[in-house]
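Please look through the structure shown here, and follow the explanation below from its surface towards its interior.

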Amino acid sequence: MDRMFRVLAFWTGIFTVMFFIGDMYSMAYLFLVQTVFFLAVSYLKLSERMYMYLFGAYCTIFFVGFTYYSNFILVPGFGH
């Protein structure tokens with residue numbers, strides 16, 4: 001299970017680089033934080049149950065944050 005967190009760190013790292021190249025710095029920093037988190041957790045040698053709990057907590061925080069962002073911050077419109 002620790003290898004899957006390294007895979008998640010790899011892909012979030014790829015997204016970090018792509019966001020930096022695309023001049024989307026705030027999103028790049030957000031993905032950089034996620035990359036560091038996944039990489040740090042992958043080397044803790046936790047039990048598989050604990051890795052699943054951490055991933056469930058990560059998904060819960062992400063979904064709550066994304067729902068808040070899409071409902072209250074992202075205002076639909078036709079451009080500025």
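Helix H1, which covers residues 2-21, gives the most to a nonpolar patch, supplying 9 residues. In this predicted model, the patch lies on the surface and is formed by Met1, Met4, Val7, Phe10, Trp11, Ile14, Phe15, Val17, Met18, Ile21 and Met52, which together have about 1,100 Å² of accessible area.

One member of that patch, Met52, is found in helix H3, the helix that spans residues 48-73. With a relative accessible area of 44%, Met52 counts as partly exposed, because this term is used for values between the 20% limit for buried residues and the 50% limit for exposed ones.

How, then, are the two helices placed with respect to each other? In general, two packed helices are described by the angle between their axes together with the distance between those axes. Here the axes of H1 and H3 come within 10 Å and cross at roughly 30 degrees. Angles under 35 degrees count as roughly parallel, and H1 and H3 are therefore roughly parallel to each other. On the side of H1, the contact is made by Asp2, Phe5 and Leu8, while Tyr51, Leu54 and Phe55 make it on the side of H3.

Helix H2, made of residues 25-42, is where Gln34 has its place. Is Gln34 buried or exposed? Its relative accessible area is 15%, and since buried means under 20%, Gln34 is buried. If residues up to four places away in sequence are not counted, Gln34 touches Thr12 and Tyr58.

Note on methods: Residues are numbered from 1 along each chain as its sequence is written. This is a predicted model: local features need pLDDT of at least 70, side-chain atom pairs count only at pLDDT 80 or more; totals for chains, interfaces and linings use all residues. Side-chain values use heavy atoms; hydrogens and water are left out. Patches are made of residues with over 30% relative accessible area and no salt bridge: like charges are joined within 9 Å, nonpolar side chains (Val, Leu, Ile, Met, Phe, Trp, Tyr) within 5 Å. Accessible areas come from the Shrake-Rupley method with a 1.4 Å probe; for residues, only the protein chains shown count as cover. A salt bridge is a side-chain nitrogen of Lys or Arg within 4 Å of a carboxyl oxygen of Asp or Glu. Helices (H or I, at least four residues) and strands (E, at least two) are DSSP runs, numbered from the N terminus. Buried means under 20% relative accessible area, exposed over 50%, partly exposed in between (1.4 Å probe, protein chains only). Axes are lines fitted to C-alpha atoms, for helices over the stretch in contact, and angles run from 0 to 180 degrees between N-to-C directions. Angles under 35 degrees count as roughly parallel, over 145 as roughly antiparallel, 65 to 115 as roughly perpendicular and the rest as oblique. Contact means heavy atoms within 4.5 Å.
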